[in-house]
Amino acid sequence: MAKQREGRQKLKKGSFKKALRLYKYIKPYRAEFALGLLFLILSSAANLAFPKYLGDLVDAANTDDIVANIENIALILLVILVAQAIVSFFRVVLFVNVTEKTLASLRQATYQHLIKLPMPFFNAKRVGELNSRISADISLLQETFTTTLAEFIRQLIIIFGGIAILLYTSPQLTLFMLAIVPVVVLIAVFFGRFIRKYSKDVQNEVAQSNTIVEETLQGIFNVKAFANEFLEIARYRTKTNSVAKIAMKGGKYRGAFSSFIILGLFGAIVAVIWRGVNLIAAGDLAIGELFSFVIYSGFIGGSIGGFANVYANIQKAIGATEELMEILEEEEENLSETESHQNLPDFKGDIQFKNLSFHYPTRPDQKVIDALNLEIKSGTQVALVGPSGAGKSTLVSLLLQFYKPQSGTLLFDGKPAQDYPLSLLRNQMAVVPQDVFLFGGTIRENMAYGKPDATDEELKEAAQKANAWEFIEKFPEGLDTLVGERGVQLSGGQRQRVAIARAVLKDPAILILDEATSALDSESERLVQEALDRLMVGRTSVVIAHRLATVRNADEIVVLENGKLREKGTHQELMADENGLYHSLSSLQFNS
Ligand SMILES: Nc1ncnc2c1ncn2[C@@H]1O[C@H](COP(=O)(O)OP(=O)(O)OP(=O)(O)O)[C@@H](O)[C@H]1O
Ligand SMILES: [Mg+2]
């Protein structure tokens, strides 16, 4: 038990330390932040002076020169109000400025970091979760900086400053008040929370009973077919009865709460006033002082009540920051902007896998590539075939350096892959992936992804080479046709041809096609295959295909099974081995 508590405390300390790293992003604006803080303290202090002068105002009614005194005090009050108004304005503006600038740089830093993280990171995390880091967590920080922090400081000043002023006015009455008000307020806060949680439970129960209705009506066919009407009636009856029971119990708590507020809160006020009037009678307190005393007590009570919420918010913000900082601590890929769209002039596109073994980091005991030795000579066309799950797409990921092999080496032009700058090496390859992903913009934007500075002429030429121009031309908006989210407004075959055009534009030394014609009917397949054949001339091509007819002309066909190289050779050579895997795959397809 003690150990557990220790652990939790430690965690909190650590979280707080991590949250402090946020300071790096505030630092450039720290002067503005400090000024805002000063204004905040000033305006809170002015707030605190207010009840004091209100009390003086009341007391002035008892003096001889009422009018002159009242005017003086009213003037002071007016000055305080105006000063507070001005200071508050600048406080809000400064805090918003600092917050927005900080959050913008934090958002940028997070996104910049996130997009540079290596592939295994994205395998382990869900997109929705990462997205909420950037949106929800950072919005939480926004609220914390603009509102919660100010509240926190204001409440601290009001609680401690207020108590100090009260002690100065009348220590006796202050102690009396402190014995009652904070206790009542805290009980009210926690009682209120308890009730809120309770009504949530009721809502959950109601939701469950609604589910019964919804499901049984949707599945009425099954209910009736299995003659289960009476069973469902009983189930619904039990559920709704239990809802009523819980809700009624909650009603009792709610009733108790309102009794408590009447008795506790108003009782506390009456008690303080009663005690105060006694002190007035004894000549220890002025009426105005009691007046301001009651207002201060209200302020203090309100601040104590609000403190619980502020504290909860700050805790949430620290948690959010901690998770954000954890992402920012992950190691990035070594990418550089200057190399991201450059060509390597003498790059030939020789590929060699040397005794390479690989398993995905998330599944350490499943060897996906097993001691693979394979050489792909520059300018040749090599087909990778084999059963589903053999590791073909994994080889593509390895070529693109998405993952590091656990052993063995991958060489490009005889040089280990890791000796090349990462962005530069990736830029020498183009992939038409197994499932084409298009961004939500226009066809033009999607094609230009392969070459951001492509001219209209180049775009058109690439589209023609990919056999995509014929359908692009038919759209009224041509290249500026919107493709819809993820490209849903294009057919599968059209999407694939846009992806091919993108690869054409990139004009890479190494072309990788992973099932590039899988989504096509025979006619479009013929069109796309034609485009691909044209595209493959003069460059190293790695072609993955299930339909073996499409790779019959490859310079070499490599048959993979369970991550191992089973056979390789030309179509004729492989067909000659009647017991071979290729032969059996091929005859299966031919027969069907
Ligand atoms: N991101 C991943 N994390 C863990 N395991 C993976 C991952 N991707 C693929 N695998 C596993 O690796 C093995 C090889 O998958 P791969 O996608 O390379 O097969 P493939 O030969 O391309 O199959 P297909 O012809 O069906 O596309 C499979 O067993 C698969 O379950
Ligand atoms: Mg695959």
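**Reading a Predicted Model**

Visitor: D413 lies in the loop between strand 4 (407-412) and strand 5. Why does D413 count as partly exposed?

Guide: This is a predicted model, and the answer rests on a count of neighbours. D413 has 16 C-beta neighbours inside 10 Å. A residue is buried at 20 or more and exposed at 12 or fewer. The value of 16 lies in between, and D413 is therefore partly exposed.

Visitor: What makes the phi of D413 notable?

Guide: Its phi is near 50°, a positive value in a residue other than glycine. Most residues other than glycine have a negative phi.

Visitor: Which residue in strand 2 also has a positive phi?

Guide: A371, which is placed in strand 2, has a positive phi of about 45° although it is not a glycine.

Visitor: Why is A371 called partly exposed?

Guide: There are 15 other C-beta atoms within 10 Å of A371. Since partly exposed covers counts between 12 and 20, this residue belongs to that class.

Visitor: To which sheet does strand 2 belong, and what makes strand 2 an edge strand?

Guide: Four strands form an open sheet with antiparallel pairing, in the order 2-1-4-5. Strand 2 (369-376) and strand 5 (415-416) are its edge strands, as each pairs on one side only.

Visitor: How do you know that strand 1 and strand 2 are paired?

Guide: Two strands pair if there are at least two bridges between them. Strand 1 (residues 351-358) is joined to strand 2 by five bridges, and the two run antiparallel. The pairing of strand 1 and strand 2 therefore meets the requirement. One residue to look for is Q352, whose bridge partner in strand 2 is E375.

Visitor: What is the order of the six-stranded sheet, and which strands are at its edges?

Guide: The order is 6-7-8-3-9-10 in an open sheet of mixed pairing. Strand 6 (429-432) and strand 10 (564-569) are the edge strands, each pairing on one side only. Neighbouring strands here are turned by 20° against each other on average, with direction ignored.

Visitor: What makes the pairing of this sheet mixed?

Guide: Both senses occur. Strand 3 (residues 381-385) pairs with strand 8 (residues 540-544) in the parallel sense over four bridges, and V382 has V542 as its bridge partner in strand 8. Strand 3 also pairs with strand 9 in the parallel sense, over four bridges; there, V385 has V559 as its bridge partner. Strand 9 and strand 10, however, run antiparallel and are joined by five bridges, with V558 standing opposite K568 in strand 10.

Visitor: What kind of connection links strand 9 and strand 10?

Guide: The two strands form a hairpin with two residues between them. In the turn, N562 has a positive phi of about 50°.

Visitor: Why is strand 9 described as largely enclosed?

Guide: Five of its six residues are buried, so the rest of the structure largely encloses strand 9. Helix 19 (residues 581-591) lies across strand 9 (556-561) and strand 10, running at about 95° to strand 9.

Visitor: How do you know that helix 16 is mostly covered?

Guide: Of its 15 residues, 14 are buried. From its first C-alpha to its last, helix 16 reaches 21 Å, close to the 21 Å expected at 1.5 Å a residue. D507 follows helix 16 and has a positive phi, near 50°.

Visitor: Which residues touch the most other members of the largest nonpolar core?

Guide: This core has 67 residues, and those with the most contacts to other members are A383, M447, I500, A501, I512 and I557. Helix 16 (residues 492-506) contributes the largest share, seven residues. A second, separate core has 15 residues, including L166, V184, V272 and I304. In soluble globular proteins, nonpolar side chains tend to be buried together.

Visitor: What does M447 touch, residues up to four places away in sequence not being counted?

Guide: M447 touches L459, A462, A463, V498, A501, R502 and L505.

Visitor: Where is V213, and why is V213 called partly exposed?

Guide: V213 lies in helix 7 (residues 171-218). With 13 other C-beta atoms within 10 Å, V213 is above the limit of 12 for exposed and below the 20 needed for buried, and is therefore partly exposed.

Methods. Residues are numbered from 1 along each chain as its sequence is written. Chains are lettered from A and ligands numbered from 1 in the order in which they are written. This is a predicted model: local features need pLDDT of at least 70, side-chain atom pairs count only at pLDDT 80 or more; totals for chains, interfaces and linings use all residues. A nonpolar core is a set of buried Ala, Val, Leu, Ile, Met, Phe, Trp, Tyr and Cys residues joined through C-beta atoms within 7 Å. Two residues are in contact if their C-beta atoms, placed from the backbone, lie within 7 Å. Axes are lines fitted to C-alpha atoms, for helices over the stretch in contact, and angles run from 0 to 180 degrees between N-to-C directions. The expected span of a helix is 1.5 Å times one less than its number of residues.
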